[in-house]
Amino acid sequence: MPSLQHLLVACSLALSLNCASAADTHGATTATIAAATPVHGGTFTYAVAQEPTTLVSFLDTKTDNRNISAKITEGLLRYDLDFKPQPLLATAWRISPDGLRYTFTLRQGVKFHDGADFTADDVRYSILKQKERGPRGSITLANVKDVEMPDAHTAVIVLSKPAPYLINALSSAELPIVPHHVYGDGDPLNSPNISHPIGTGPFMFKEWARGSHLVLERNPNYWRKDRPYLDRVIYRFINDTAAISAAIETGEVNGALNVALSDLDRLQKNPKLRVDDSDDGFLNNALFLEFNLENPILANAKVRHAIAYAIDRHFIGKTIYYGRAQVVNSPVPAVLSRYYDDSAFDYPTDLAHANALLDEAGYPRKDAGTRFELRLSFLPSANFKRVSEYLRATLNRVGIKVAILDGDLPTFLNRVYKERGFDLNVNGLSRLFDPTVGVQRIFWSESLQKAIPWINASHYRNPKVDDLFRQAATETDETRRAAEFKEIQSIVGRDLPVLPLVTVPASLQVYQARVHGLNNSVDLTSGDYADLWLEPESHKEAP
C-alpha cells in the first residue's frame with residue numbers, strides 16, 4: 001500500500017483535482033472527503049525553528065534556505081518519486097548520445113516577479129555562476145564547459161565530459177534559475193536578491209521581519225494560470241521546538257517543521273492533525289561527526305577509530321531522536337543500493353577496545369583519568385546540541401575531555417570552515433540522490449583552496465579517493481561506477497575522516513487535517529506550495 005507521502009506527491013504531480021481526495025483524505029471523515037475539492041484563497045502559516053540565512057538557494061543550499069527559495073525561484077525541472085524529470089521552466093529536453101549536450105526548450109511567456117522576461121540568458125548565468133561559486137555546483141557542474149543560447153527560449157548545457165547525474169540536479173531548490181538582470185556583473189553574494197528575491201515562482205516576496213516571520217504573497221501572473229491556490233504564505237520563526245508543538249496543537253499555525261520529537265506521539269493521536277515523517281529521498285540527510293585532521297591528535301587514525309568505538313549510535317537514534325532516526329553505516333545512502341557498501345564502517349560500541357586503541361596511540365590516562373581535551377562544535381539545532389552533550393559524556397568515559405562550543409549559524413560557519421577553531425564537529429549533511437553530488441564533497445580535497453560551507457570540514461586529503469570520485473563522476477557504465485563508489489567507501493571507512501551517525505528526519509512535518517497538497521515534489525518541504533490549499537474552516541474535522 002502506498003504511503004501517505006507517496007499519494008500526496010503523486011497526486012500533486014499529476015495536477016489532477018480528482019486525485020486530491022484519494023491522497024489528502026487519508027484517515028479523514030466523510031465530511032472531509034466530500035469537501036476535498038481545491039478552493040482558492042487563504043493564508044497558510046508554517047512554523048519552523050531555523051530562520052534562513054538567505055531566501056535564494058542559489059549559492060547556499062542549506063535546507064532552511066532551500067525550503068523557502070523553491071516557493072519563489074524555480075528550476076528547469078521537477079521530479080516524481082522515481083526521480084523522473086517533469087517540466088517546469090523547461091518544457092522539453094534531450095541529451096545527445098555522447099552525453100555532452102543537454103538541450104532544453106524553455107517555457108515561453110514566463111515573467112519574473114518584476115515583469116522582466118525569463119530567457120535562456122538567465123539559465124546561462126545561473127548555471128555558470130553555480131559552477132563557479134556554488135557549494136554543490138562546483139562538483140555537480142564541474143564538467144560544464146558552457147551554456148549555449150541558440151535563441152531566447154533554448155539553452156544547451158555543453159559538457160567536457162559526461163555527467164550521468166546532471167539530469168537529476170536541476171530542481172528549484174538545488175539549482176534555481178535567478179534573474180541575470182537583477183544580479184548583473186557584481187558579486188552575487190552581495191546582491192539584494194539574497195534578501196529581497198525576485199523569481200518566477202508561484203509566490204512573491206513581501207516581507208522579512210528578521211527573528212520573527214517571512215511573508216510571501218500569491219504571484220498573480222504565474223504561468224500556471226489557476227495556481228497557486230493560496231493568497232499568502234507566512235513562515236514563523238520559533239526557536240523552541242516545544243513552542244512549535246504548542247503552536248500547531250492550538251491552531252496558531254497550520255503546519256510546522258521541527259516539532260519537539262517527544263511530542264510527536266501525542267500529536268499523532270490528535271484527529272485534527274496529520275504527521276508526515278517520510279524520508280526525503282532527494283536530500284537523504286544524515287548526522288556526521290567530523291574530525292579536524294589538522295589536529296595532531298586526531299590525525300592519528302587509532303584515535304578516530306577509538307572515538308567511533310566509544311559512541312553508541314543506536315542510543316542516539318532511539319533516545320535522542322525518539323526512535324525516528326536510524327543508524328547510518330556509510331556516507332552513501334542505503335537507498336542507492338547499487339552503490340552502497342557498509343562493510344568498512346563496522347564500529348560497534350566497545351569501550352574496552354576504545355580504551356585499548358587510545359593507549360596504543362600513545363595517549364595514556366593522566367591525572368583525573370583524562371588523556372587529552374577536544375573542542376566540539378555543532379550545527380545550531382536543539383537535537384544536535386543534545387547529541388553533542390551525549391558525545392561529551394560518552395567520550396569522558398574513555399578519558400577524552402570535551403568542551404562544547406556553542407553559537408549561532410554565522411559563528412558556526414566561520415569557526416568550522418574559515419577559522420578552523422574546532423576539533424570535533426557534529427554536522428548535518430545532505431547525501432542527496434547521487435554520490436557525486438552529495439557524498440563527494442565530504443571528502444573532496446580539491447575544494448580545500450576555498451573555504452566553502454558544507455564541503456570537507458575535516459580537510460581530508462587522499463589522492464586515491466579524489467581519483468575514484470573523478471572517475472565515477474564521468475563513468476557511464478553503471479557496473480564500473482558502482483565498483484568505484486564501493487572502493488571509495490572501503491577507503492574512507494578505514495581512514496574515517498568522518499563518522500556517519502544517524503539519519504536526520506529533516507522533513508518531519510505536522511499539519512492540520514484541512515491542509516491539502518502540502519508536498520508536490522520528491523524533495524517534500526522544498527516543493528513550491530503551488531498545489532497547496534486549505535479546506536474552509538466549516539469543513540474541518542470534528543474533534
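This passage describes the domains, nonpolar cores, largest pocket and selected residues of a predicted model.

The protein chain is divided into two domains, and the numbering shows that the division does not simply follow the chain from end to end. Domain 1 takes in residues 43–236 together with 508–531, while domain 2 covers residues 285–503. Their C-alpha centres lie 31 Å apart, and the contact between the domains takes 22 residues from domain 1 and 24 residues from domain 2. An unreviewed UniProt entry adds the annotation "domain: Solute-binding protein family" for residues 84–438. The C-alpha atoms at the two ends of that span are 19 Å apart, and its content is 27% helix and 23% strand.

A good place to start with the interior is the largest nonpolar core, which has 91 residues. L289, I307 and Y321 have the most contacts inside this core. Helix α10, residues 301–310, gives the most to the core, with six residues. Because domain 1 and domain 2 both give residues to this core, the core lies between them. A second, separate core of 41 residues includes L76, Y165, I167 and L283. As general background, nonpolar side chains in soluble globular proteins tend to be buried together.

The surroundings of L289 give a closer view of the packing. Not counting residues up to four places away in sequence, L289 touches I307, I311, L376, L391, L424, N425, V426, P497, V498, L499 and L501. One of these partners, N425, lies in strand β16. N425 has a relative accessible area of 0% and is therefore buried. Beyond residues up to four places away in sequence, N425 touches F288, L289, E290, L376, S377, F378, F412 and V416. L376 thus appears among the partners of L289 and also among those of N425. Along the chain, L405 is 20 residues from N425, and the C-alpha atoms of the two are separated by 9.5 Å.

Attention now turns to the largest pocket, with a volume of about 1,200 Å³. This pocket is lined by 47 residues, of which Q50, D64, N258, P380 and S381 lie nearest its centre. Several elements each supply at least two residues of the lining: the helices α4 (63–72), α13 (382–396) and α14 (409–419), and the strands β13 (285–291) and β16 (424–430). Of the contributors, α13 gives the most to the lining, with five residues.

N258 deserves a second look, since this residue is among those nearest the pocket centre. N258 has a positive phi of about 70 degrees although it is not a glycine. The residue sits in the loop between β11 (255–257) and α9 (264–268), and its 25% relative accessibility is why it counts as partly exposed. Q50, another of the residues nearest the pocket centre, is in contact with K62. K62 is found in the loop between β1 (43–48) and α4. With a relative accessible area of 9%, K62 is buried. Leaving aside neighbours within four places in sequence, the contacts of K62 are Q50, E51, L409 and W454.

Some further backbone features are worth pointing out. Y322, also not a glycine, has a positive phi of about 50 degrees. Y322 is found in the loop between α11 (313–320) and α12 (351–360), and this residue is partly exposed, with a relative accessible area of 41%. A cis peptide bond joins R227 and P228, with omega about -5 degrees. P228 is placed in the loop between β9 (213–218) and β10 (232–237).

One last loop residue rounds out the picture. R107 is found between β5 (101–106) and α5 (120–133). At 18% relative accessibility, R107 falls under the 20% cut-off and so counts as buried. Not counting residues up to four places away in sequence, R107 touches P87, L88, L89, A90, T91, F118, H153 and W223. R107 and G323 are 216 residues apart in sequence, and their C-alpha atoms are 45 Å apart in space.

Key: Residues numbered from 1 in each chain as written. Predicted model: local features only at pLDDT ≥ 70, side-chain atom pairs only at ≥ 80, totals over all residues. Heavy atoms only, no water. UniProt positions renumbered as here; feature names shortened; annotations may be inferred. Helix = DSSP H or I, 4+ residues; strand = E, 2+ residues; numbered from the N terminus. Core = buried A, V, L, I, M, F, W, Y, C linked by side-chain atoms within 4.5 Å. Buried < 20%, exposed > 50% of the residue type's maximum accessible area, 1.4 Å probe, protein only. Domains from an automatic or database assignment. Contact = heavy atoms within 4.5 Å. 1 Å grid on protein atoms, 1.4 Å probe; cavity = no way out; pocket = protein on both sides within 12 Å on 5 of 7 lines; lining within 4 Å. Points joined across faces, edges and corners; volume = space filled by probe spheres on them.
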